[in-house]
Amino acid sequence: MFPTGFPPNTHPVVVSTGYQNDIRMGNLQIEALLSASVYIPYTDYLRDGRTPFQTALQNYIGGDNEDEIRAFIESLIPAGVGTIGGSTIFPATFDPEDNAYAPIASNPNQFTARVQQVIIPNPLSGPEVKPEAFDLTFSSTSAPLYTQKTFTRLINQPIILNNLLLCQRNLYYFNESFAEPQLRTGDVTVYAPPAGALPRQIAGRYTGQGGFSASGQMVGYFQESCASAAAKTDPAALG
């Protein structure tokens, strides 16, 4: 999993941004949304020492729209549906506002992404409350810290829902010709959040981190027991 090992007395944290299109949530179909998350993988929920789960620290979602108010409104329905389903999701604004990340103007070989949680939206007259959640700066690398399999095994672990009784499988597949997987290296800045959000111990700047980007297909499943979710995880998604 970690070819060069993992620093002692530390634990992996997965910070991600994404652009989702053709989203289907039951009878609800959404053209596109932006999403971001901070997860703790390898949570030993079953206490068996061998079955990994993810704990979601924070999920963010935002509309794919230059109009910030409209983008905020577009994010409310899926955020509400997700929260009712057991995954707390907060509306957010994203930079870029129409992609998972964008090249830096001064260096097109470097990329960046920025996420701000929307607490009070008011871009026209202010004031608005939009604390920074996190930002990413990265580039491709010929000497990656981890392999693609590292990341597919991290992000495809079942997610423990907020009720702590059920889990959910959101499986990502990168086996299509359009996947264009790239291993990355870069920096992550996680900001001290408002009360009730991320644990403040996670806030900080983390340099020289390993990363992965690709276009894929996500297949989500209904809530189920955590033991069932682990047993039904598709090995094809793990790489």
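**Figure 1. Thr152 and its contacts in the predicted model.** Beyond its neighbours within four places in sequence, Thr152 is in contact with Phe174, Ala237, Leu238 and Gly239. Thr152 belongs to helix H2, which covers residues 148–155. Its relative accessibility is 3%. Thr152 therefore counts as buried, since the cut-off for that class is under 20% relative accessible area. The side chain of Thr152 also reaches a backbone atom: the oxygen of Lys149, at 3.1 Å.

**Figure 2. The largest nonpolar core.** This core has 17 residues. Six of them touch the most other members: Ala36, Tyr60, Phe94, Val115, Phe134 and Leu136. Several strands give two or more residues to the core: S2 (28–43), S4 (89–95), S6, S7 and S11 (182–190). A second core, separate from this one, holds five residues. Phe53, Ile160, Cys167 and Cys226 are among them.

**Figure 3. Close-up of Ala36.** Neighbours within four places in sequence are left out here. Ala36 is then in contact with Ser16 and Thr17, with Gln58, Asn59 and Tyr60, and with Phe94, Val115 and Phe134. Tyr60, Phe94, Val115 and Phe134 appear again among the core residues that touch the most other members, as does Ala36 itself.

**Figure 4. The salt bridge between Arg114 and Glu132.** The two side chains meet with an N to O distance of 2.4 Å. Arg114 sits in strand S6 and Glu132 in strand S7. The pair links distant parts of the chain, 18 residues apart. Both partners fall between the cut-offs of 20% and 50% for buried and exposed. Arg114 has a relative accessible area of 33%, so Arg114 is partly exposed. Glu132 is at 23% relative accessibility, so Glu132 is partly exposed as well.

**Figure 5. A salt-bridge network around Glu224.** Glu224 pairs with Arg169, their closest N and O atoms being 2.6 Å apart. This pair links distant parts of the chain, 55 residues apart. Glu224 lies in the loop between strand S13 (217–220) and helix H3 (226–231). Arg169 lies in the loop between strand S9 (167–168) and strand S10 (170–173). Glu224 counts as buried because its relative accessibility is 11%. Arg169 counts as buried because its value is 8%. Glu224 forms a salt bridge with Lys232 too, with the closest N and O atoms 3.8 Å apart. Shared partners join Arg169, Glu224 and Lys232 into one network. The salt-bridge count comes to four.

**Figure 6. A nonpolar patch on the surface.** Ile119, Ile120 and Val129 form the patch. Together they have about 220 Å² of accessible area. Ile120 is in the loop between strand S6 (107–117) and strand S7 (132–140). Its relative accessible area is 42%, so Ile120 is partly exposed. That value also passes the cut-off for patch residues, which is over 30%.

**Figure 7. Overview of the chain.** The chain contains four helices and 13 strands. It has 239 residues, and buried residues make up 38% of them. The chain exposes about 13100 Å². Carbon and sulfur atoms supply 53% of that area. Among contacts with a separation of 6 or more, 64% come from residues 24 or more positions apart.

Terms used. Residues numbered from 1 in each chain as written. Predicted model: local features only at pLDDT ≥ 70, side-chain atom pairs only at ≥ 80, totals over all residues. Heavy atoms only, no water. Patch = residues over 30% accessible without salt bridge, like charges linked within 9 Å, V, L, I, M, F, W, Y side chains within 5 Å. Areas by Shrake-Rupley, 256 points an atom, 1.4 Å probe, with all protein chains shown as cover. Buried < 20%, exposed > 50% of the residue type's maximum accessible area, 1.4 Å probe, protein only. Core = buried A, V, L, I, M, F, W, Y, C linked by side-chain atoms within 4.5 Å. Contact = heavy atoms within 4.5 Å. Polar contact = N/O pair within 3.5 Å; in protein donor to acceptor, adjacent residues only side chain to side chain.
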